[in-house]
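Student: Let's zoom in on the protein-protein interface here. Give me a close look at that part, cut-offs included, and then tell me how it relates to the rest of the assembly.

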Number of protein chains: 2
Amino acid sequence: MALEAAKSQYRQVADLLREGIERQDYAPGSTLPAESELAAEYGVSRVTINRAVQLLRGEGLVRVLRGRGTVVRAIPPIRRNSSRRYARSSREEDGSRGAFDFEIRRLGLKPSTKLAQLGQVAPPETAREVLGLEVGEMVLIRKREMFASDEPVLLATSYFPWGLAEQAGVTDVDTGPGGTYSRLAEIGKGPVRFTEDVRVRTPSAAEERFFALSETQQVYEIVHIAYLEDGTAVEYREDVLPTYQWIMHFEWNAENDSEEAQQ
Amino acid sequence: MALEAAKSQYRQVADLLREGIERQDYAPGSTLPAESELAAEYGVSRVTINRAVQLLRGEGLVRVLRGRGTVVRAIPPIRRNSSRRYARSSREEDGSRGAFDFEIRRLGLKPSTKLAQLGQVAPPETAREVLGLEVGEMVLIRKREMFASDEPVLLATSYFPWGLAEQAGVTDVDTGPGGTYSRLAEIGKGPVRFTEDVRVRTPSAAEERFFALSETQQVYEIVHIAYLEDGTAVEYREDVLPTYQWIMHFEWNAENDSEEAQQ
DNA sequence: TCTTATTTGTTCGTATGTATT
DNA sequence: GAATACATACGAACAAATAAG
């Protein structure tokens with residue numbers, strides 16, 4: 001298998017493997033040949049193969065399991081419609097338990113959620129300010145790990161003012177049909193306006209483990225804030241999602257000239 | 001300089017360099033010590049140093065110039081307010097030539113734009129479908145390279161139906177105050193609704209060169225579509241932006257239940 | 001549980017190539 | 001052309017995680 005010049009060898013190997021995956025020579029879920037075998041096949045050193053595989057990892061095409069091998073990823077990109085996922089119809093459809101459930105089911109995948117933390121805590125500084133709370137006031141924290149057909153796809157950490165959460169009855173494990181926003185709406189505190197800040201960064205150590213990412217992969221960090229009519233924030237949330245797994249979709253109207261710029 | 005176990009050496013070196021940059025020991029715009037020097041300092045091989053620097057590259061903290069050295073980046077993250085940047089007030093403020101101008105000036109940086117392509121072409125398939133054109137119908141393509149204080153920050157490729165572009169008088173190099181959307185508005189074709197699809201991918205070879213990226217860095221690809229009241233699309237645009245340089249901001253209202261889901 | 005084979009992760013020394021000054 | 005600095009590649013070795021027995 002002769003490699004040409006012009007491009008570095010590890011890049012050429014990455015290109016070949018990528019094509020193989022796209023052509024389904026290496027089917028989703030299957031294991032690539034061992035690095036030593038690939039090295040022999042392409043006539044390069046194993047270090048070069050390893051570097052090529054790192055590239056594919058960074059692109060999210062494979063997941064590497066030390067001691068076992070390199071596996072081709074199976075889950076297709078998930079489309080997140082930010083502008084619509086909080087609409088009541090999306091959240092309550094089919095008895096879904098909120099926006100995420102709806103989103104994953106729509107793709108024919110099995111959504112599941114693990115509640116990693118639920119309780120009363122002091123909020124982080126940024127959340128406290130956004131929620132308009134005094135120093136010392138407590139919040140409800142809800143931290144969830146979310147899966148699509150058992151693949152980890154989303155980490156969500158929500159903060160609600162404690163008093164509001166109690167009043168709405170969302171301090172419980174199960175928030176009922178339509179999720180928290182439906183409970184808030186029932187007490188006249190349904191959010192009507194949302195903002196999201198999207199940035200991309202390298203994962204923390206904990207996120208690397210949870211998503212089985214390499215340090216060359218990146219994650220979206222989305223700060224989601226829900227507002228009432230009067231401008232009060234009722235939820236501060238941080239979502240973390242691997243970039244290779246998600247497409248973000250937004251929609252909005254052009255009539256925003258009159259409102260003050262929230263910078 | 002003793003490195004501990006537990007974490008790999010190249011990661012520890014990356015951590016130390018990252019701290020040095022954050023602490024401004026290595027100031028923005030300055031050059032890091034040569035890899036051979038760092039290798040001597042930390043008591044590791046140059047290959048290990050090189051690998052650490054690759055990580056920093058991937059995070060966008062440094063830009064590497066072969067033969068010259070490794071330079072600390074200077075431009076801070078730019079915040080793109082998608083929901084407001086197309087408002088007339090944002091585009092026409094201070095005689096700006098559109099949303100990008102406004103955005104960069106606001107940060108105290110110098111915006112500049114180079115028109116890379118302007119003319120009549122056959123549209124790519126996706127653009128043709130979105131714009132509702134027959135096969136064979138032509139479009140105006142406008143490809144722009146955009147800079148903040150001479151750093152490349154954005155590649156934008158727009159497609160407009162040719163007839164519309166002529167009518168609005170935007171086939172020219174200069175589209176006048178407020179940019180294209182202001183000209184469209186003048187003929188009663190001002191867009192009132194926008195969608196953006198945001199995804200993250202590895203850069204193409206051309207994008208790598210333009211932005212001086214390594215292959216471990218990633219870019220946002222944003223597909224922006226502008227609609228009229230009646231649902232007709234008047235612009236199909238693809239923006240490409242390095243992820244480390246931008247934060248995306250979106251805002252929207254919750255009243256979208258009644259509209260049909262555009263999937 | 002221990003052992004062994006397999007597979008990926010990391011590191012080194014060394015060498016050569018390429019771009020810049 | 002010479003010196004400098006980063007990019008790539010190899011062979012070898014050992015570490016760490018997993019699987020099979």
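Tutor: Start with the charges: eight salt bridges turn up across the interface of chain A and chain B, counting a side-chain nitrogen of Lys or Arg within 4 Å of a carboxyl oxygen of Asp or Glu. One of them pairs A:Asp197 with B:Arg79, with 3.5 Å between the closest N and O atoms. Keep in mind that this is a predicted model, where local features need pLDDT of at least 70 and side-chain atom pairs count only at pLDDT 80 or more, while totals for chains, interfaces and linings use all residues. Residues are numbered from 1 along each chain as its sequence is written, chains are lettered from A and ligands numbered from 1 in the order written, and side-chain values use heavy atoms, leaving out hydrogens and water.

The same interface has 24 residue pairs in polar contact, both at pLDDT 80 or more; that takes N or O atoms within 3.5 Å, within protein one able to donate a hydrogen and the other to accept it, and sequence neighbours count only if both atoms are side-chain atoms. On chain A, the elements that each supply at least two residues to the side touching chain B are H1, H3, strand E3 (78-81), helix H4 (88-92), strand E7 (193-201) and strand E10 (246-253). Those are DSSP runs numbered from the N terminus (helices H or I, at least four residues; strands E, at least two). E7(A) has the largest share of that side, eight residues. By class, the side splits into 16 nonpolar, 15 polar and 17 charged residues, with Ala, Val, Leu, Ile, Met, Phe, Trp, Tyr, Cys and Pro as nonpolar, Asp, Glu, Lys and Arg as charged, and the others, Gly among them, as polar.

In total, 48 residues of chain A and 47 residues of chain B take part in the contact, meaning heavy atoms within 4.5 Å. About 4700 Å² is buried between the two chains, 42% of it on carbon and sulfur atoms; that is accessible area (1.4 Å probe) lost on putting the parts together, summed over both.

Now the symmetry. Chain A goes onto chain B with an RMSD of 0.1 Å, by a turn of 180° and a shift of 0.0 Å along the axis, using least squares on C-alpha atoms with pLDDT of at least 70 in both copies. That's what a two-fold axis does. Also, 98% of chain A's interface residues are interface residues in chain B too, so the copies meet through the same surface.

Next, the DNA. Around strand D there are 25 residues, and A:Gln9, A:Thr48, A:Arg68, B:Glu35 and B:Asn50 come nearest (near means a heavy atom within 4 Å). A:Thr48 puts a side-chain N or O atom 2.3 Å from a phosphate oxygen of DNA strand D, and for B:Arg57 that distance is 2.9 Å. H3(B) gives the most to this surface, five residues.

For DNA strand C, 24 residues surround it, with A:Glu35, A:Arg46, B:Gln9, B:Thr48 and B:Arg68 closest. A:Arg57 has a polar side-chain atom 2.8 Å from a phosphate oxygen of strand C, and B:Arg51 has one at 3.0 Å. Here H3(A) gives the most, again with five residues. Of the strand C atoms within 4 Å of the protein, 73% belong to sugar or phosphate, and the rest to bases.
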